[in-house]
Amino acid sequence: MRITVYSTRPYDRRFLTEANAAGVHDLVFMDARLDHHTAPTATGSAAVCAFVNDQLDAAVLHTLHSLGVRLVLLRSAGFNHVDLPVAAAMGLVVGRVPEYSPHAVAEHAAALVLTLNRKIHRAHARVREGNFQLDGLMGFDLHGSTVGLVGTGKIGRCFARIMLGFGCRVLAFDPKPSAEALAMGVQYTELPALLQASDIVSLHCPLTPATRHLLDAAALACMKPGAMLVNTSRGAVVDTRAVIAALKGGHLGSLGLDVYEEEGDLFFRDLSAEVLKDDVFARLLTFPNVIVTGHQAFFTEQALLQIARTTLDNATHFEATGLPLHGVTADKVV
Ligand code: NAI
């Protein structure tokens, strides 16, 4: 099957090419993001392959369908960027990679927690400058502290296990509590109680209409003064402007972000020689108690291998049966 693969970087091409060593599929790699301008480049392909910041809204899906595309392969677990009802109405099938390495994302969230708590980013800069003073670098013992998880799916449960390993008390909010999480000692509670009790709040829910700006000004005000917020889920789960106000007011103690509401125009590219045009993002970067990574939580060798294999398995299964191995529709996720 001919597949136009958008938003590819050298590492995507390497892992997909290796997974396609037998030459089962004809992969056409594009640097560009999939959007209204680039959708016509899928001409001649039966499938497109997209990443998290590609646009798969109604207009793009219509263009793809008119070109003969019948399959959308997401190289991600999240599918919030696809207009699934429109895809279904046109008979466009969508496949995703439901699980590639929950450990990768959970471990990155833990890295953000440790870095923020012990101010490793500041310590590193100081030591390189020959400044060995400790003032301003004090952290707190994770052991005995309370961690609140929003979402206890695959990634949330991995993160819970790591935090329990540190000796933390782990609270969680999830409309569908997990028996596995309960068995490992996670205590479920409602969101306001979780926010009030937690020293660290970590987000592991998908972006849906219900979770958009879940952490808004009111929710942030519920958090313990000086608490830490970590978001490795999707940027828009957090209201960035409200978070900046909470940081400026000193109520929010620290912030670790791997995702950002408007990351589509920033992440996965080298913009180091350009002027940063996003003033909200620029303000975030000025805080000493904020760390931002560019959507790299998934970025491990194991995860990329699994993403490439599952993506091509989805395509192969679609050719054989008309459905991907892991399909997603507006009302059903496999
Ligand atoms: P999952 O589907 O296994 O778990 C998601 C959990 O969130 C489920 O238990 C669900 O019941 C819960 N949930 C749904 N609505 C909720 C709400 N309103 N409040 C609290 N919990 C809610 O998904 P998984 O694999 O754990 O991934 C979670 C999210 O992490 C993905 O949706 C994606 O957005 C993000 N992600 C980020 C990556 C990165 O590189 N930064 C990589 C992979 C995923």
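**View 1. Buried residues of helix α2 in the predicted model.** In this predicted model, helix α2 runs over residues 58-66, and its buried residues are Val60, Leu61 and Leu64. Around the helix axis these residues cover an arc of only 100°, which means that they lie on the same side of α2.

**View 2. Packing partners of α2.** The buried residues of α2 pack against three elements of the chain, namely the strands β3 (47-50) and β4 (71-74) and the helix α3 (84-90).

**View 3. The residue Gly68 after α2.** Beyond the end of the helix, which spans residues 58-66, the view takes in Gly68, a residue that follows α2 and has a positive phi, near 100°.

**View 4. The chain around α2.** The secondary structure of the whole chain comes to 12 helices and 12 strands, and the C-alpha trace spans about 60 × 50 × 35 Å along its principal axes. Because a compact globule of 334 residues would have a radius of gyration near 20 Å, the 21 Å of this chain agrees with that expectation. Among contacts between residues at least 6 apart in sequence, 66% join residues at least 24 apart.

**View 5. Burial, surface and charge of the chain.** Of the 334 residues, 49% count as buried, while the accessible surface of the chain comes to about 15,300 Å², with 57% of this area belonging to carbon and sulfur atoms. The chain carries 28 positive and 32 negative side chains, and the centres of these two sets lie 3 Å apart.

Terms used:
Residues are numbered from 1 along each chain as its sequence is written. This is a predicted model: local features need pLDDT of at least 70, side-chain atom pairs count only at pLDDT 80 or more; totals for chains, interfaces and linings use all residues. Side-chain values use heavy atoms; hydrogens and water are left out. Helices (H or I, at least four residues) and strands (E, at least two) are DSSP runs, numbered from the N terminus. The radius of gyration is taken over C-alpha atoms; the globule rule is 2.2 Å times the number of residues to the power 0.38. Buried means under 20% relative accessible area, exposed over 50%, partly exposed in between (1.4 Å probe, protein chains only). Contact means heavy atoms within 4.5 Å. Accessible areas come from the Shrake-Rupley method with a 1.4 Å probe; for residues, only the protein chains shown count as cover. Lys and Arg count as positive and Asp and Glu as negative; His and the chain ends are not counted. The place of a charge is taken as NZ of Lys, CZ of Arg, CG of Asp or CD of Glu. The arc is that of the directions from the helix axis to the C-beta atoms.
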